[in-house]
Structure formats: structure tokens, C-alpha cells
Amino acid sequence: MNINTLSCVVKGEKSVDVMPQEIEFNEKSADQTLIKITRGGICGSDLHYYLHGKVGNFAVQHPMILGHEVIGIIEKTNDPNLYVGQKVAINPSKPCQHCKYCLSGESNQCETMRFFGSAMYNPHVDGGFTQYKVVDNAQCIPYPQDAKDEIMVFAEPLAVTIHAAKQAGDLQGKKVFISGVGPIGCLTVAAVKALGATEIVCTDVSQRCLDLAVQMGATKVLNAQDGNFSQYLAHKGEFDVCFEASGHPSSIERCFAVVKARGTVIQIGMGGAVPQFNAMTLIAKEINWKGSFRFVEEFNTAVEWLGSGKIDPTPLHSATFDFNQLEQALQTATNKNEISKVQLTF
Ligand code: ZN
């Protein structure tokens with residue numbers, strides 16, 4: 001069957017549109033499901049595609065549907081474990097399942113990953129900001145049917161932070177420092193708290209973000225510009241684990257300064273180049289500096305934690321727009337001084 005759908009597409013720098021499209025769905029398919037998308041969250045990479053027409057080296061070559069944080073309702077399925085009308089979170093990753101990374105349980109590193117709303121490959125992989133979407137059955141993760149949409153749509157960014165937290169090993173009783181508390185930093189606060197961290201100190205240049213970090217579970221916050229960090233610099237640093245979630249070079253430097261010798265720094269902030277990087281601190285303090293990218297089974301954990309109320313991301317939800325107001329929603333999300341997460345309804 002053919003389905004008409006309206007989709008939120010990016011065509012290039014500062015060029016977005018809500019466009020009619022026709023998609024195909026095989027009603028006899030044993031492994032694919034048709035989803036009516038209900039809600040989506042705008043992420044930093046969606047904003048990058050809008051503002052710059054690219055993310056890193058991946059430039060938009062042709063119109064691409066944005067969005068990888070989406071939930072929806074099952075419209076048609078033949079999967080015996082799913083049913084029509086069921087609310088599901090959509091896992092935006094589609095790994096190949098047979099490369100060496102997929103076979104070793106590291107599918108977030110899949111050599112041919114098809115991830116929603118990514119211009120990494122040409123043709124690009126369309127995202128989820130559309131009324132109807134065909135996905136693999138395995139991408140549908142059911143959640144409690146009485147859970148709130150505006151909460152469940154945080155599953156994807158929360159999964160990113162749970163994966164990051166797991167890169168640091170056991171966090172039970174640990175002292176954690178988080179530098180940069182935008183939505184991802186704030187969800188990291190909640191994730192490390194859920195995993196047992198007892199001291200969670202956060203820093204950012206924005207007081208609004210620091211206030212949100214407290215609401216998400218931070219035990220102490222310090223302004224990055226005029227806060228007094230001296231107490232954390234003694235004994236070669238105080239923290240077992242630091243999460244760098246801003247991507248700013250000075251933030252990386254600060255993490256290196258406050259992490260204890262032989263401690264761990266997890267890099268989630270996507271800053272790209274670090275000018276004048278001094279490897280001496282890394283060497284002398286024997287710091288474990290680890291990157292963290294996307295997630296594997298942590299998506300299911302995120303759905304579970306949100307569905308059960310273990311984590312409540314509500315303070316991070318700033319605004320909601322109808323998908324037809326795509327450009328206005330993106331503009332609003334650009335205002336990081338006042339806005340955290342912007343959501344679209346379909
Ligand atoms: Zn693979």
C-alpha cells in the first residue's frame with residue numbers, strides 16, 4: 001500500500017520545509033511495521049543540519065527528513081509481539097547485524113549503521129519527523145500505555161547518556177563531575193544518579209542550565225566562569241569520573257584538572273578540534289579519556305526508566321510546536337539561553 005505523509009525536511013543551510021511524500025508499506029511484511037509518529041524531540045544535530053546544512057563533514061546533498069528522537073503508535077504490523085494501537089518508542093539505529101562490531105555486541109560501531117536523520121551516507125538516511133514511518137519491528141520498543149508522550153520522547157537522548165555512564169564502569173558511591181549541562185549533561189546527571197553516584201558536581205556558564213541540573217539530581221553546581229574550583233584541584237584532583245558534555249576546549253581542560261589521578265574522563269560533547277592540546281596532564285595523571293557514541297541496549301533501559309518514573313526529564317521540556325511550524329520550532333531551539341528541549345507533535 002502507498003501512504004501519503006507530510007515530512008519535515010532539511011534541504012541545506014537555513015532551508016527547511018514541510019513536504020508531502022508518498023511512502024510504500026508491504027502489508028504482508030513479516031519484519032516491518034508502519035508507525036504513526038506522535039511526537040519528536042529536536043536534537044543538537046537537527047539544529048546543526050538546519051543552521052549549517054551539515055554535521056561535521058556530513059553535508060546535506062538532497063532533501064532529508066530530520067529527527068531521530070521519536071515515538072509513535074503502531075498503525076499496521078504482523079509481529080505477534082506488537083499490536084495495532086500500541087504506543088512505542090522508536091529506536092533510531094539500524095545496525096547491519098553481521099559486521100564484526102554487530103557480532104561482538106558493539107552495534108553502535110556498526111560499519112554500515114543506518115541511523116535516522118543522518119547525511120553520513122548518500123543517499124541519506126531519512127529521520128522520523130514525519131507523519132508515517134516504516135521501521136523494522138525490532139526498532140519498536142513498547143512502553144507503558146499510560147506513560148506521557150512528552151516524557152517517553154526522551155528515550156533516545158537518555159539512552160546516549162546511559163551508554164556514556166556505562167563507559168565509566170561501576171558508579172556506585174562515586175564522585176562525579178559533569179561539565180556542560182545542556183539537555184545531554186542534565187540527562188547524564190539523572191543517569192549517573194540512577195547508577196549510584198553519590199556526589200554529582202556540575203558546571204556550566206548558564207545559571208538556568210545549572211538550576212536544571214539541580215532539579216535533575218546534581219548535589220552541587222558551580223559557574224564555569226566565576227566558580228571556585230580550588231577545592232577540587234588539591235591531591236591531583238577529586239573526581240573518580242568526569243563527563244565532558246559541552247565540547248568546549250576549556251571544559252575538557254577543566255575535566256583534566258579536577259579528575260583524580262588514574263580517574264576517567266568520558267567525552268560526550270562534540271567539539272571537534274582541541275587547539276593546543278597538552279597531553280602532559282593526560283600522561284602524568286594517567287587519565288582514562290574515553291569517547292562515547294550513541295548506544296546499544298541502553299535504549300531499552302532508557303524506555304524502562306522513563307516508563308517506570310525512575311527518571312523524570314520533565315524540567316528539560318521547554319516548548320512544543322505542531323510539526324507544521326518546523327522552522328519556528330528550530331528557531332526556538334536555537335535560543336539556548338532560554339530553551340532546553342523543544343518537541344514537535346504530529
Ligand atoms: Zn554492523
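In the predicted model, the domain assignment divides the protein into domain 1, which comprises residues 2-154 together with 313-345, and domain 2, which spans residues 160-291. The C-alpha centres of domain 1 and domain 2 are separated by 29 Å, and the contact between them involves 10 residues of domain 1 and eight residues of domain 2.

The size of an interface is often expressed as the accessible area that is lost when the parts come together. For domain 1 and domain 2 the buried area amounts to about 780 Å², of which 66% lies on carbon and sulfur atoms. On the side of domain 1, Pro-315, Leu-316 and Ser-340 account for 56% of the area buried against domain 2, a share that exceeds that of any other three residues. When the residues of domain 1 that touch domain 2 are grouped by class, five are nonpolar, three are polar and two are charged. Zero salt bridges are found across the interface of domain 1 and domain 2, whereas five residue pairs, both members being at pLDDT 80 or more, are in polar contact across it.

The model also contains a zinc ion, whose protein donors are the SG atoms of Cys-96, Cys-99, Cys-102 and Cys-110, lying 2.3 Å from the metal. In sequence, these donor residues follow the spacing C-x2-C-x2-C-x7-C. The angles among the four donor atoms range from 103 to 117°, and the site of the zinc ion is accordingly classed as tetrahedral.

Conventions:
Residues are numbered from 1 along each chain as its sequence is written. This is a predicted model: local features need pLDDT of at least 70, side-chain atom pairs count only at pLDDT 80 or more; totals for chains, interfaces and linings use all residues. Side-chain values use heavy atoms; hydrogens and water are left out. Domain bounds come from an automatic or database domain assignment. Contact means heavy atoms within 4.5 Å. Buried area is the accessible area (1.4 Å probe) that two parts lose on being put together, summed over both. A salt bridge is a side-chain nitrogen of Lys or Arg within 4 Å of a carboxyl oxygen of Asp or Glu. A polar contact is a pair of N or O atoms within 3.5 Å; within protein, one must be able to donate a hydrogen and the other to accept it, and residues adjacent in sequence count only if both atoms are side-chain atoms. Ala, Val, Leu, Ile, Met, Phe, Trp, Tyr, Cys and Pro count as nonpolar, Asp, Glu, Lys and Arg as charged, and the others, Gly among them, as polar. Donors are N, O and S atoms within 2.8 Å of the metal (3.2 Å for Na, K and Ca); water is not among the atoms, so sites may look incomplete. Four donors count as tetrahedral if all angles lie between 85 and 135 degrees; four count as square planar and six as octahedral if opposite donors are over 155 degrees apart and all others between 65 and 115; anything else is irregular.
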